[in-house]
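Grab your favourite viewer and work through these short exercises. Each one sets a task and then walks through a solution.

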Amino acid sequence: EQVILKNSSMRHVEGGWPKDVDYIEQTDTNRFRKKAEKDDEYKNAVKTLGPIISNCMRQNNTVDIYEEYFLSDEISQAILQAPRVCQF
């Protein structure tokens with residue numbers, strides 16, 4: 001079985017706004033946000049997702065300070081191969 005890989009990219013400027021909201025105009029986006037934040041469904045969704053997101057963030061920020069992430073040989077090779085920038 002052969003797997004074909006393809007590199008692709010996507011440019012995301014701004015999106016997801018209703019058609020009547022001009023995302024370039026800050027007043028339009030602020031007005032829409034204030035309206036959405038007053039909606040009861042939005043409030044319930046934030047309350048429900050808050051603990052879930054908080055748990056995910058704590059898991060992602062956990063670092064084992066006793067784990068050896070690099071072998072000593074890898075560190076010295078990484079230091080030798082690291083690009084150097086000189087600023088004058």
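Surface patches here are built from residues with over 30% relative accessible area and no salt bridge, joining like charges within 9 Å and nonpolar side chains (Val, Leu, Ile, Met, Phe, Trp, Tyr) within 5 Å. A salt bridge is a side-chain nitrogen of Lys or Arg within 4 Å of a carboxyl oxygen of Asp or Glu. Accessible areas come from the Shrake-Rupley method with a 1.4 Å probe, and for residues only the protein chains shown count as cover.

Some housekeeping: this is a predicted model, where local features need pLDDT of at least 70, side-chain atom pairs count only at pLDDT 80 or more, and totals for chains, interfaces and linings use all residues. Residues are numbered from 1 along each chain as its sequence is written, and side-chain values use heavy atoms, leaving out hydrogens and water.

**Exercise 1. Work out which residues make the nonpolar surface patch, and place Met57.**

Step one: the patch covers about 380 Å² and is made by Leu49, Ile52, Ile53 and Met57.
Step two: Met57 sits in helix H2, residues 40-60. Helices are DSSP runs of H or I with at least four residues, strands are runs of E with at least two, and both are numbered from the N terminus.
Step three: Met57 counts as partly exposed because its relative accessible area is 49%; buried means under 20%, exposed over 50%, and partly exposed in between (1.4 Å probe, protein chains only).

**Exercise 2. Describe the chain as a whole: what are its elements, and how much of it is buried?**

Step one: count three helices and zero strands, running α-α-α from the N terminus.
Step two: buried residues come to 3% of the 88 in the chain.
Step three: the chain exposes about 9500 Å², and carbon and sulfur atoms supply 54% of that.

**Exercise 3. Find how H1 and H2 pack.**

Step one: helix H1 (residues 26-38) meets H2 at an angle of about 75°, with the axes 5 Å apart. That makes H1 roughly perpendicular to H2 (65 to 115 degrees).
Step two: look at the contacts (heavy atoms within 4.5 Å). Ala36, Glu37 and Lys38 of H1 meet Asp40, Tyr42 and Lys43 of H2.

**Exercise 4. Decide whether Thr29 and Val21 are buried or exposed.**

Step one: Thr29, in helix H1, is buried, at 6% relative accessible area.
Step two: Val21, in the segment before H1, is buried too, at 11%.
Step three: leaving aside neighbours within four places in sequence, Val21 is in contact with Asp28, Thr29 and Phe32.

Conventions:
Axes are lines fitted to C-alpha atoms, for helices over the stretch in contact, and angles run from 0 to 180 degrees between N-to-C directions. Angles under 35 degrees count as roughly parallel, over 145 as roughly antiparallel, 65 to 115 as roughly perpendicular and the rest as oblique.
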